[in-house]
Amino acid sequence: MATSASTSTGSQSTSWTSFLKSLATFNGDLYSLTAPPFILAPISLIEYSQYWSEHPELLVAANHLKPAEDAVQDEIDLLTLQRQLAVTKWFIATLRSQYCSRSENLGGEKNPLNPTLGEVFVGKWDSPNDDTKVGETILVSEQVSHHPPMTAYSIINKQNETYLQGYNGIRATISATSINVKQFGHALLEYKDLQESYLITLPPLHIEGLISASPFVELEGTSYIQSSNGYITVIEYSGRGYFSGKKNSFKARIYKDQISTLNKENAIITINGQWSDKSYISRGSTTPHSKNGDELFYDAQALDANHVIVKPLEEQHELESRKIWDKVAEAIKKGEYETIYQQKSLIENNQRDLRKKEQLAGINWETRWFDLKDYEDWIAEDEQSQNPDAFLSLTSLSNLSIHNAPSGSLKSSKYDEGDAKHWRFNLNKWEQESEIKI
Ligand SMILES: CC(C)CCC[C@@H](C)[C@H]1CC[C@H]2[C@@H]3[C@@H](O)C=C4C[C@@H](O)CC[C@]4(C)[C@H]3CC[C@]12C
C-alpha cells in the first residue's frame, strides 16, 4: 500500500476521508491503495510469521502425548484425541497474536509494510520459563513473491522434532462498511517422532471500523485442522452478535473423521468462546459455557506472548526485514511523514531497478529457502510412493482442495480449479545457508 505524504496530525481526518473515498475505486490490490501514514505499522508483513509461535510450549505440546511402548489400545486412542486437542489449543492460541496484536499494541489495526521480493525474517525463541521440555524454536521466513505478495515460513523445534511450515497471501474486496479478505495458503505441522502431520487452513476475515477510523479485524467463515490420524477440527468464526453477542467468537468441533462432520451431532468434543479471551470445552456436541460449569479450554489473556528474539541490526544481512525497513519504521514511530514517503520510495524504486536489470539479463529472482512444488506433477507419482506426501494425504482425508483456491476451499467447490502450486520449505537449503544467521 502506498503512502500519501502529510505533515501534521491535524490533517488525519482529511487523509482518512480521502482514503475512504479511494476505496470506491478499489481494484482488489490492498497494496495499491494510498493509505494515510498514521495507519502504517512500523513492521513488514513478513514479521507476521512470528505469530505462529508466540507460545512455543503449546506448539510442541502434542509431542509429549506419546503412548508408552506397552500402552493398550484405549490409552493409544485417548492420547491420539488429546494430541488433536493440543494442536487445536495451540492454533486457537495463535489467533490473538495474528489478528489482535496491532490493535492492542498500536491502538488499532495497522497496514503493514509490503515486503520486498527476497526479504527475509529470522529469529528464535528460547525455552519459555526455562522449561527444558521445550528447548529452542527457530523461525525462518522469506518473501517468495511480490506480485502477488506471498510469504513463506518454517518454524522448527529440533528437540521436539516439531516442524511447522506454511505460506500465505491475501485477496481483498470492498463492501459498504468493510474490507473483506480471503487468505490463500495453509500451514503443515509435522511431529516427526510421532509420524503425525496436520494440515491447517487459514480463515477469511474482514476489517471493520473503517467509517470511524478505528479499524479492527474480525474472523469469519470456517477453518480446518486435519490430522493424519483422521481426526478433524472444524472451527467456525463469528463476530459480535452472531453466536454469543461477543467479538472474536468461535466454535470448534472435533470429529472422528471428515465424514462425521456432515452432522454436527457427531462432534466428540465442542469448544466455544472467544479466541481473544476465554473458551470452554465439553464432551459431545452440546455448546459449553462457563455458566454451565464447563471446563476452561484456553484463556488468551492469561499468558503473555513470547516475542521472537531477533539479532541486533548491526549483525543483520542486507536482505533482513528490519535492516531493509529500519529508516521507514523509525519515521513511522516518530510520525515523520515526509521521511516515511522518501524512504519508502527509495526502497520501492531500488526494487523496480533490480527487477528491470533481471529482465534485461534474462534471469529470474531465485528464492532462498523455499521451492514452489507443483502437485499436479506429483499426484500420479504419489499414488505409487512408499512415502506419500503429507499435503496430498491430508487434503484427501479432509476433502480439501489441492488447488490454489482460498484457504479452506473444499474439493468440488466452485474454487477447486486452476494451479496446484504450493511453497515448500527446503531444509537442505537452510542447513547450507552461510550468510544469514539466526
Ligand atoms: C487499516 C486497514 C485499512 C489497512 C489494511 C491492512 C491489511 C493489509 C491487513 C490488516 C490485517 C492483516 C492480516 C492480519 O490480521 C493477520 C494475518 C495472518 C498472517 O498469518 C498472514 C497475514 C494476515 C492475513 C494479515 C494480512 C494483512 C492484513 C489483512
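Trainee: Which helix and strands each supply at least two residues of the shell around the ligand?
Mentor: Happy to start there, keeping in mind that this is a predicted model. The shell around the ligand counts 18 residues. The elements that each supply at least two of its residues are α3 (73-106), β8 (162-174) and β9 (179-191).

Trainee: Which element gives the most to that shell?
Mentor: Look at the helix that holds Arg-102, one of the closest residues to the ligand; the place of Arg-102 is in α3. With 3 residues, the element that gives the most is α3.

Trainee: How do the residues of the shell divide into nonpolar, polar and charged?
Mentor: The closest residues include Gln-98, Asn-168 and Gln-183, along with Tyr-99 and Arg-102. Counting glycine among the polar residues, the shell divides into 11 nonpolar, 4 polar and 3 charged.

Trainee: How far is an oxygen atom of the ligand from a polar side-chain atom of Arg-102?
Mentor: Let's take Gln-98 along with it, as both are among the closest residues. In Gln-98, an N or O atom of the side chain is 2.8 Å from an oxygen atom of the ligand. For a polar side-chain atom of Arg-102, the distance to a ligand oxygen is 2.8 Å.

Trainee: How much of the accessible area of the ligand does the protein cover?
Mentor: Begin with the site, where the ligand sits in the largest cavity. On its own the ligand has 620 Å² of accessible area, and the share covered by the protein is 99%.

Trainee: Is Arg-102 buried or exposed?
Mentor: Good one to work through. Arg-102 is in helix α3, and its side chain makes a polar contact with the side chain of Tyr-48 at 3.4 Å. The relative accessibility of Arg-102 is 4%, and because the cut-off is under 20%, Arg-102 counts as buried.

Trainee: Which two residues are joined by a cis peptide bond?
Mentor: Most peptide bonds are trans, so a cis one is worth a look. The place to check is the loop between β6 (137-145) and β7 (150-157), where Pro-148 lies. With omega at about 0°, the bond joins His-147 and Pro-148.

Trainee: What is the phi of Asn-129, and what is the phi of Asn-248?
Mentor: Most residues other than glycine have a negative phi. Asn-129, in the loop between β5 (120-125) and β6, has a positive value near 50°. Asn-248, in the loop between β14 (232-238) and β15 (249-255), also has a positive phi, near 55°.

Trainee: Which of Asn-129 and Asn-248 is buried?
Mentor: Buried means under 20% relative accessible area, and exposed means over 50%. At 79% relative accessibility, Asn-129 counts as exposed. With a relative accessible area of 3%, the buried residue is Asn-248.

Trainee: The side chain of Lys-311 reaches the backbone oxygen of which residue?
Mentor: First find Lys-311 in the loop between β18 (295-299) and α4 (321-334). Its relative accessibility is 13%, so Lys-311 counts as buried. At 2.5 Å, the side chain of Lys-311 reaches the backbone oxygen of Lys-437.

Trainee: Which residue has its backbone oxygen 2.8 Å from a polar side-chain atom of Ser-413?
Mentor: Ser-413 lies in the loop between α7 (390-398) and β20 (421-425). Its relative accessible area is 25%, so Ser-413 is partly exposed. The backbone oxygen in question belongs to Leu-410.

Trainee: How far apart in space are Ser-154 and Leu-188, C-alpha to C-alpha?
Mentor: Ser-154 is in strand β7 and counts as buried, at 2% relative accessibility. Ser-154 and Leu-188 are 34 residues apart in sequence, and their separation in space is 9.5 Å.

Trainee: And what separates the C-alpha atoms of Phe-216 and Gly-108?
Mentor: Nice one to finish on. Phe-216 is found in strand β12 (residues 216-219) and is partly exposed, with a relative accessible area of 29%. Although Phe-216 and Gly-108 are 108 residues apart along the chain, the separation of their C-alpha atoms is 6.1 Å.

How values were computed:
Residues numbered from 1 in each chain as written. Predicted model: local features only at pLDDT ≥ 70, side-chain atom pairs only at ≥ 80, totals over all residues. Heavy atoms only, no water. Near = heavy atom within 4 Å. Polar contact = N/O pair within 3.5 Å; in protein donor to acceptor, adjacent residues only side chain to side chain. Areas by Shrake-Rupley, 256 points an atom, 1.4 Å probe, with all protein chains shown as cover. 1 Å grid on protein atoms, 1.4 Å probe; cavity = no way out; pocket = protein on both sides within 12 Å on 5 of 7 lines; lining within 4 Å. Sits in = over half its atoms within 2 Å of the grid points. Helix = DSSP H or I, 4+ residues; strand = E, 2+ residues; numbered from the N terminus. Buried < 20%, exposed > 50% of the residue type's maximum accessible area, 1.4 Å probe, protein only.
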